[in-house]
Every structure is written in structure tokens, then in C-alpha cells.
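Student: Please take one part of this model and go through it closely. I would like to know what it packs against and how the surroundings are arranged.

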Amino acid sequence: MNKKIAVIKGDGIGPEIVTEALKVLDKTGEKFGHSFEYTYVLMGGCAIDETGVPLPQETIDICLASDSVLLGAVGGKKWDNLPGNLRPEAGLLGIRGALKLFANIRPAKLLKPLASACPLKPEITNNGLDLVIVRELIGGAYFGEHKTVTNPDGSKTASDNMVYSDYEIERICRVAFEMARKRRSKVHSVDKANVLDSSRLWREISHKVASEYPDVEFDDILVDNCAMQLVRNPAQFDVLVTENLFGDILSDEASMITGSLGMIPSASLGETSLGLYEPIHGSAPDIAGQNKANPIATILSAAMMLRYSFDMSAEADAIENSVTKVLESGFRTSDIMSDSEGLKCVSCTEMGDLISSEI
Ligand code: IPM
Ligand code: MG
């Protein structure tokens, strides 16, 4: 098959990790007889520097005309003082919105060889840690009205409106239930229904959807309790479905308990097969350009692209198995390095080479 992929390298470590992911994609294509055609587009800080805006229209057009989009990471200190709508992050939210990618899938799985990098005690992780966060991606406080006003006395007041409509909740819940059917058939819906109206509607709608999936075990959980349960007993979770901001926060927590933020890929999906695939970590400007970054989350994001957008599950398995093999052989980037015996610290490029040669 021939697939057109729009590639956004982004800022900080973005270009380094994307280069390794493309290396692995090329090798996979070669092995399985596919060709992947890349079109490089700008988004984030680099787009601001070149065009004055974080998300040029050309980028949106090319992404829309592609079969899928691969993204590194955006943002950095250099652009931190720009107004909210001109920051690199606005580009990221803009592309999610423009491509109508309402469902963000973030799997967090503790890989056996990384058990020693996990900050939780073995008696907690011995029960397993393999969950997926299904995060609503284009609603809630991220996309509600943002406002800062100066009051008559000179003081300031700011607000961000957390808005959800029933159809937005319904479609994301469906994604979660469908996903659960392919896994361990368990969904937790995460909300703050004891305080927020948007969460009370979330609860009402999620229950309605749950009634259509009697084969899937279903429970509500308050977000604060969920944050606590993730470190107390993560094995109880299979699929977590939640609104945008809660999902952002919980997915960082979930990634850390798998050993490193550098390990977790994500897929952002809408109604069509066009998806946006990116690691959940940021652009890590402190280590940019040093060939130290962990490319695994981006490589695993490329695997998710093959699985979800191109329906190439054997190819996706090949990438995921190669990652596990390389880790089993003791190779680590510095973020997942520990003083256990037999480990060898490698650079970003070496990690990409190792994974690609396993394909
Ligand atoms: C993420 C990131 C983004 C988000 C930022 C960079 C805007 O933290 O993808 O989790 O908050 O969605
Ligand atoms: Mg985040």
C-alpha cells in the first residue's frame, strides 16, 4: 500500500524523535511491501518563527489531504511569553480541532523489562498495569471561552469555560466502550460530578451509553479518587474515559507509573481514518539537540498509526515487538536507565537504529 503521511517535526526534541520514528516506518514499509510518502509541514514554535503563526493554513490543508499525521512535540521557552492564541500549543489545539480529532487514545502499559524504572512498589505492579485512557480532545476547558478582564479597581479576573454537550460525551463514550470490548471489557468513566455541572451531564450520558453495552463492566469514578487509585491499585483499570483536562492530567500520571513519560504514544482520532499520532510528552527543550531523547513514544505512535489509520496490525505488532526486544536486550535511553545490571545507555539515534534493525 502507498500512504501519504504529513509529518510535523515540531520543536525541541521533536525533530530528533520523529527522525527515528520515520526510520522505523521506512524499515517496516520495506519489510511488508508498503511505501510511506512524507510531506513535512510546520506547526508550533518553528511555524511561528517562519510564518508568524503557530498553525499555518497550508499545514491544515496538507494534513487534511493526507492519510495520516505524525507529530513530534511543540513548544519551548522562546515562545512562552506570546499571547495564548499565538503560542505553539495553540497550534496543537488548532490542528486537533481542524481535523475534528475528538478521541485521544493513550495506552499505559508497564513493559516487563522496564519494571525497575517503575516508581511503584513491585507488590502494586505485580498485579499488572495495562490501561488505556480515552481522553475527549476538542471540548471542555481547552475549547471553551478563555477570558481575562481588568476590573474597575485595576485587579484582574480570568476564566476558562468548561463546556460539554451531550453529543460530545456520547461519541467519546462509544469509543471507550468499543475499545473495552477488544480488551478486558471494563470501563471507568472519570468525572467530578460532585461539583461540576459538565460532569453531571457527563455521568448522565455515560450511563445511557453504558446501557447499550451490557457486556462491558462499567463504573463511575471521581477524578481525585482516580488519581489516587492509579498509584494505589492500577490493575483495577482497563479503559478510562474522561474529559479533556482530566485526561491530560491523568495521562501524565499513568505514563509515569509505566516508567517514563518517554514511553507513551497516543492516537487522536475522529470520524474518519485520518488520525494524528504523537508521543504524550512535550518538547523537552532542556535536552534538545543532544541526541539524548527517548524516541520510543514516537516510534510506538507510528505503530498506532499503522494499526488505527491504515489497518496494518501485523506491521504495528512488528514495531511493538521490536521495541520490547530491544528493551529486553538491556538497551535504554537515559530517561529509562536504572542501575540494574546488564543495562546499556544509548542515544536517541542508536535506539532508533536498534529498533529498526529488529523489524
Ligand atoms: C498533551 C499536552 C498538550 C495538552 C499541551 C502541549 C497543549 O500536554 O498532549 O497532553 O494539554 O493537550
Ligand atoms: Mg499533557
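Tutor: What follows is a close look at one helix, then at the sheet beside it and at a few separate sites. The model is predicted, so to read it correctly: local features need pLDDT of at least 70, side-chain atom pairs count only at pLDDT 80 or more, and totals for chains, interfaces and linings use all residues. Residues are numbered from 1 along each chain as its sequence is written, chains are lettered from A and ligands numbered from 1 in the order in which they are written, and side-chain values use heavy atoms, with hydrogens and water left out.

The part chosen is helix α1, residues 14–32. Helices (H or I, at least four residues) and strands (E, at least two) are DSSP runs, numbered from the N terminus. Two helix partners are described here, starting with α10 (296–308). The axes of α1 and α10 come within 8 Å and cross at roughly 45 degrees. That makes α1 oblique to α10. Axes are lines fitted to C-alpha atoms, for helices over the stretch in contact, and angles run from 0 to 180 degrees between N-to-C directions. Angles under 35 degrees count as roughly parallel, over 145 as roughly antiparallel, 65 to 115 as roughly perpendicular, and the rest as oblique. The crossing of α1 and α10 is right-handed; a crossing is right-handed if the near helix is turned clockwise from the far one by less than a right angle, and left-handed if anticlockwise. On the α1 side, I17, V18, E20, A21, V24, L25 and T28 make the contact, and they meet T298, I299, A302 and L306 of α10. These residues divide into eight nonpolar, two polar and one charged. Here Ala, Val, Leu, Ile, Met, Phe, Trp, Tyr, Cys and Pro count as nonpolar, Asp, Glu, Lys and Arg as charged, and the others, Gly among them, as polar.

The second partner is α11, residues 313–328: its axis and that of α1 come within 11 Å and cross at roughly 130 degrees. Helix α1 is therefore oblique to α11, and passes it in a right-handed crossing. V24, T28 and F32 in α1 meet A314, E315, A318 and I319 in α11. The residues of this contact comprise five nonpolar, one polar and one charged.

V24 and T28 of α1 appear in both helix contacts. T28 is worth a separate line: with a relative accessible area of 1%, it is buried. Buried means under 20% relative accessible area, exposed over 50%, and partly exposed in between (1.4 Å probe, protein chains only). Not counting residues up to four places away in sequence, T28 touches L306, E315, I319 and I359, where contact means heavy atoms within 4.5 Å.

Next, the sheet. Helix α1 lies across β1 (2–10), β2, β3 (68–73) and β12, running at about 165 degrees to β1. Helix α8 (residues 223–232) also packs on the sheet, touching β5, β8 (186–191), β9 and β10 (239–242), and its direction makes about 105 degrees with that of β9. The sheet is open, has ten strands with mixed pairing, and its order is β2-β1-β3-β12-β11-β4-β5-β10-β8-β9. Its edge strands, each pairing on one side only, are β2 (35–40) and β9 (217–222). Neighbouring strands are turned by 25 degrees against each other on average, direction ignored.

Strand β3 pairs in the parallel sense with β1 over five bridges and with β12 over two; two strands pair if DSSP finds at least two bridges between them. V7 stands opposite L70 in β3, and the bridge partner of V69 in β12 is L276. Six of the six residues of β3 are buried, so this strand is largely enclosed by the rest of the structure. Elsewhere in the sheet, β4 and β5 (residues 130–136) run antiparallel and are joined by seven bridges, with N104 opposite R135 in β5.

Two loop residues deserve a check of their backbone angles. Most residues other than glycine have a negative phi. K100, in the loop between α4 (88–98) and β4 (103–109), has a positive phi of about 55 degrees although it is not a glycine. K100 is exposed, at 59% relative accessible area. A284, in the loop between β12 (275–279) and α10, has a positive phi of about 40 degrees and is not a glycine either. A284 is partly exposed, at 24%.
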